Amino acid sequence: MPMNSSLKYIPSIFYKRQPLQFTFFVTSRCNARCPFCFYWQDRHAGQDELTVDEVEKVASSMGNLLWLLFSGGEIFLRKDLPDLVDAFYRHNHPVIITLPTNGLAPDLILPRTEEILSRSPESAVVCKISLDGVGEDHDRIRNTPGSFDKAMETYEGLRRLGERHKNLQLGINTVFCRENQDDMDRIIDYVNGIQGCETHTISMIRGNPADGSFKEIDLEKYRRAVERLEDDLKGGNAKMYHFTLARLKTAQDLVQRRLIYETIRQGRRLLPCYAGRIGAVMSETGDIFPCEILDDRMGNVRESGYDFPKVFFSEQADAVRAKINSTRCYCSHECYFVTNILFNPLKYGRVLGQYLALTGKS
Ligand code: SF4
């Protein structure tokens, strides 16, 4: 299967002035009301979302992307999602495209994913379904009766799509929060037993959720959960993605989970953050941010004539980057740890150690 190559991003290890990780919040609309959602304050009726024509212009002003992520809201509520993905696919040749979903609307998700897979043959398309508990626990945590069954119906439909489209990589994501921190073994066991699941990630709850009590977690329970995932991977009981360099990505995951634990435990930044340098976020209305945690706006693509570099290399953007450096802000957001590790040579020894531990275990 021909795939876009990640090797051309090696220079970014030394020269970090070009976004290669780009997150696009395509909508703030959502068909769920999860109490731990970090984007709940931005929910609106979908007014003013960037159109496909506008996104086409933004994408054409940008360079190649290693990793293109979509976020929301529920991204599949946008019927033009395949066209939005295609704009970036043609202009920016992403190696990996990540599509997260709550899985509540299989009738929308399955045909739209199939169209994306057909139109993005040279990208690894990672579909991540949210699963925060098993059965009714998931429904309760997500405050949506029937959501577990819907998510699993979507999962099964996607798994079948994967039989026809080898560029699909299917995974499950669990948000670690107060409500499920005692059920992690059960959730991990369940996911390990699902046919076709290529990765199970556990994301630490972040941001300012509607119900702040969900953030009252026991950090040692998080540590035990990530150690369990690690043991399963090294023992060959859990699977890995099948794209090129997937083993390297898994090794990075293992390093990342321990760093996240240590960052929260020590309450300080443990490695430089490249948000705003090789990472950027675009909101559904065109605002550009260095990451999805900070409110510091670098500018808006509508105000720049859809010229992304004009925003990203503006004085306003420089001020945001300077602030990130001077404040040494820190967070647990997994997506930024990915690039902060993979593009930091000082972490390669640890990644190599995990890589060797995984060798021969997939
Ligand atoms: S450490 Fe977190 S909050 Fe700070 S810039 Fe990086 S991603 Fe954003």
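## Strand β7 and its two faces

Which residues of strand β7 (residues 279-282) are buried on one side, and which on the other? In this predicted model, G279 and V281 lie on one face of β7, while A280 and M282 take the other, and all four are buried. Both faces of the strand are therefore covered. As background, side chains in a regular strand alternate between the two faces of the sheet.

## The neighbours of β7

Let's look at what β7 pairs with. Strand β1 (residues 21-25) runs parallel to β7, and four bridges join the two. One residue to look up here is T23 of β1, whose bridge partner in β7 is V281.

Strand β8 (residues 287-289) pairs with β7 in the antiparallel sense, over two bridges. Here M282 stands opposite I288 of β8. The hairpin of β7 and β8 has four residues between the strands, and G286 takes a positive phi near 95 degrees.

## Helix α6 and its cover

Helix α6 (residues 184-192) is worth a look too. Its buried residues are M184, I187, I188 and V191. They cover an arc of only 95 degrees around the axis, which means that they sit on the same side of α6. Among the elements covering these residues are β5 (168-176), β6 (199-204) and α7 (219-234).

## Around the ligand

Finally, the ligand. Its surroundings consist of C273, A275, C291, I293, L294, I324, C329, Y330, C331 and Y336. By class, the shell holds ten nonpolar residues, with no polar and no charged ones.

Methods. Residues are numbered from 1 along each chain as its sequence is written. This is a predicted model: local features need pLDDT of at least 70, side-chain atom pairs count only at pLDDT 80 or more; totals for chains, interfaces and linings use all residues. Side-chain values use heavy atoms; hydrogens and water are left out. A residue is near a molecule or strand if one of its heavy atoms lies within 4 Å of it. Ala, Val, Leu, Ile, Met, Phe, Trp, Tyr, Cys and Pro count as nonpolar, Asp, Glu, Lys and Arg as charged, and the others, Gly among them, as polar. Buried means under 20% relative accessible area, exposed over 50%, partly exposed in between (1.4 Å probe, protein chains only). Two strands pair if DSSP finds at least two bridges between them. The arc is that of the directions from the helix axis to the C-beta atoms. Contact means heavy atoms within 4.5 Å.
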